[in-house]
Amino acid sequence: MTAFRAGALGPKGGTGTPAEFAGSLAAAIERALHDLVQTETGSAPFPLDGNGPDARARRALFVAVSQAVLGHLHDHAADGLKVVDRLGRPCTVTIAVDPS
């Protein structure tokens, strides 16, 4: 099973998006914000590649939000997620969260 992955900033420096960030929930949030702002304004608000100080500062917010969301879902799955089969019988759900 693939775990939900909040993402991380990865090492400073370099020219591309760190592997720790790529493909994560935080990266999806960054992309969604970028696309929404571009749709509304007609211009790209920030580059999606790179690992400079501006990108890292922005991504720190997305990583923190992702960690909080996934942690909350993990901690409260029994309270907030009710999964039933097609006959209405309760099923067990496991939420796997990658701690990195």
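This passage looks at the core, the second helix, a surface patch and one loop residue in a predicted model.

Start with the inside. The largest nonpolar core is a five-residue affair, built from Phe21, Ala26, Ala27, Phe62 and Val63. Helices H1 (25-41) and H2 (53-75) each put at least two residues into this core. That fits a broader habit: in soluble globular proteins, nonpolar side chains tend to be buried together. Phe62 also has contacts beyond its immediate stretch of chain; with neighbours within four places in sequence set aside, Phe62 touches Ala26, Ile29, Glu30 and Leu33.

Now for H2 itself. This helix runs for 23 residues and covers 32 Å from its first C-alpha to its last, close to the 33 Å expected at 1.5 Å a residue. Its buried residues are a mixed bag: Ala55, Arg56, Arg58, Arg59, Phe62, Val63, Ser66 and Leu70. As for what they pack against, the partners are strand E1 (4-5), H1 and strand E2 (97-98).

On the outside, Leu61, Val65, Val69 and Leu73 make a nonpolar surface patch of about 310 Å². Val69, one of these patch residues, sits in H2. Its relative accessibility is 39%, so Val69 counts as partly exposed, falling between the 20% limit for buried and the 50% limit for exposed.

Thr92 belongs to the loop between helix H3 (77-80) and E2. Here the relative accessibility comes to 78%, and Thr92 therefore counts as exposed. Between Thr92 and Leu81 there are 10.0 Å in space, C-alpha to C-alpha, for a separation of 11 residues in sequence.

How values were computed
Residues numbered from 1 in each chain as written. Predicted model: local features only at pLDDT ≥ 70, side-chain atom pairs only at ≥ 80, totals over all residues. Heavy atoms only, no water. Core = buried A, V, L, I, M, F, W, Y, C linked by side-chain atoms within 4.5 Å. Buried < 20%, exposed > 50% of the residue type's maximum accessible area, 1.4 Å probe, protein only. Helix = DSSP H or I, 4+ residues; strand = E, 2+ residues; numbered from the N terminus. Contact = heavy atoms within 4.5 Å. Expected span 1.5 Å × (residues − 1). Patch = residues over 30% accessible without salt bridge, like charges linked within 9 Å, V, L, I, M, F, W, Y side chains within 5 Å. Areas by Shrake-Rupley, 256 points an atom, 1.4 Å probe, with all protein chains shown as cover. Salt bridge = Lys/Arg side-chain N within 4 Å of Asp/Glu carboxyl O.
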